[in-house]
Amino acid sequence: MKFVLLRKADRRTEAGLDGGETLPVAAGFPQAALQPSAHGVRLQFGANGIRVAPGPFEQAEDLVAGFGYLEADSLRAATAQLARWSPQPGAAPVLELRESGCPGGLPGIDPSAAPQACTQPRFMVMLLSDAQLEADAPTDPLRLDAMAARNDESVAAGVLVAGDGLKS
């Protein structure tokens, strides 16, 4: 099973103090520390269009400071693997572990197939969950088809390195 590991942000990561910390992830899978939210934007889509808000964002506990992938036979085995990790001295990170995979069946983009050399900055796009997604409600097949087509275009253009859904 493949899991996505999210390192939650805190005051230290938002101040840029833990950027070089490595996470206990599977060999060959990408991991990355993310810049503090002051370097990002938040897009909110609604009936009145798109609202773009520059960082920094409040409520650092809702933010992600880094991510990686883990492989394990079960959630219990992945949790045991993480429990053996030693974070940097003085840090008290919170890690969230979620099984990867789109509940609607949209295939993920295999990060090990992506080109390793990158000359442009990389960005992580995270779609925030809501009650409907967390309930694993069925997704409109037309929406999934459109997402799959966009993913394929982005992979072919060399701009999408990895992608996967998260189970509830």
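**View 1. Helix α4 and its span in the predicted model**. Helix α4 covers residues 141-156, a run of 16 residues, and it is shown here as it appears in a predicted model. From its first C-alpha to its last, the helix reaches 22 Å, which is close to the 22 Å expected at 1.5 Å a residue.

**View 2. The two ends of helix α4**. At the N-terminal end, Asp140 acts as a cap for α4, with one of its side-chain oxygens lying 3.1 Å from the backbone nitrogen of Leu142. Beyond the helix, α4 is followed by Gly158, a residue whose phi is positive, near 80 degrees.

**View 3. The hairpin of strands β3 and β4**. Strand β3, made of residues 41-46, and strand β4, made of residues 49-54, run antiparallel and are joined by 6 bridges. The two strands form a hairpin, in which 2 residues lie between β3 and β4. Within this pairing, Val41 stands opposite Pro54, which belongs to β4.

**View 4. A nonpolar surface patch on β3 and β4**. Val41, Leu43, Phe45, Ile50 and Val52 together make a nonpolar patch of about 520 Å² on the surface. The elements that each give two or more residues to this patch are β3 and β4, and the largest share, 3 residues, comes from β3. Val52, one of the residues that make the patch, has its place in strand β4. Val41 can be followed from the previous view into this one, since that residue both stands opposite Pro54 in β4 and takes part in the nonpolar patch.

Technical notes:
Residues numbered from 1 in each chain as written. Predicted model: local features only at pLDDT ≥ 70, side-chain atom pairs only at ≥ 80, totals over all residues. Heavy atoms only, no water. Pairing = 2+ DSSP bridges. Helix = DSSP H or I, 4+ residues; strand = E, 2+ residues; numbered from the N terminus. Expected span 1.5 Å × (residues − 1). Polar contact = N/O pair within 3.5 Å; in protein donor to acceptor, adjacent residues only side chain to side chain. Patch = residues over 30% accessible without salt bridge, like charges linked within 9 Å, V, L, I, M, F, W, Y side chains within 5 Å. Areas by Shrake-Rupley, 256 points an atom, 1.4 Å probe, with all protein chains shown as cover. Salt bridge = Lys/Arg side-chain N within 4 Å of Asp/Glu carboxyl O.
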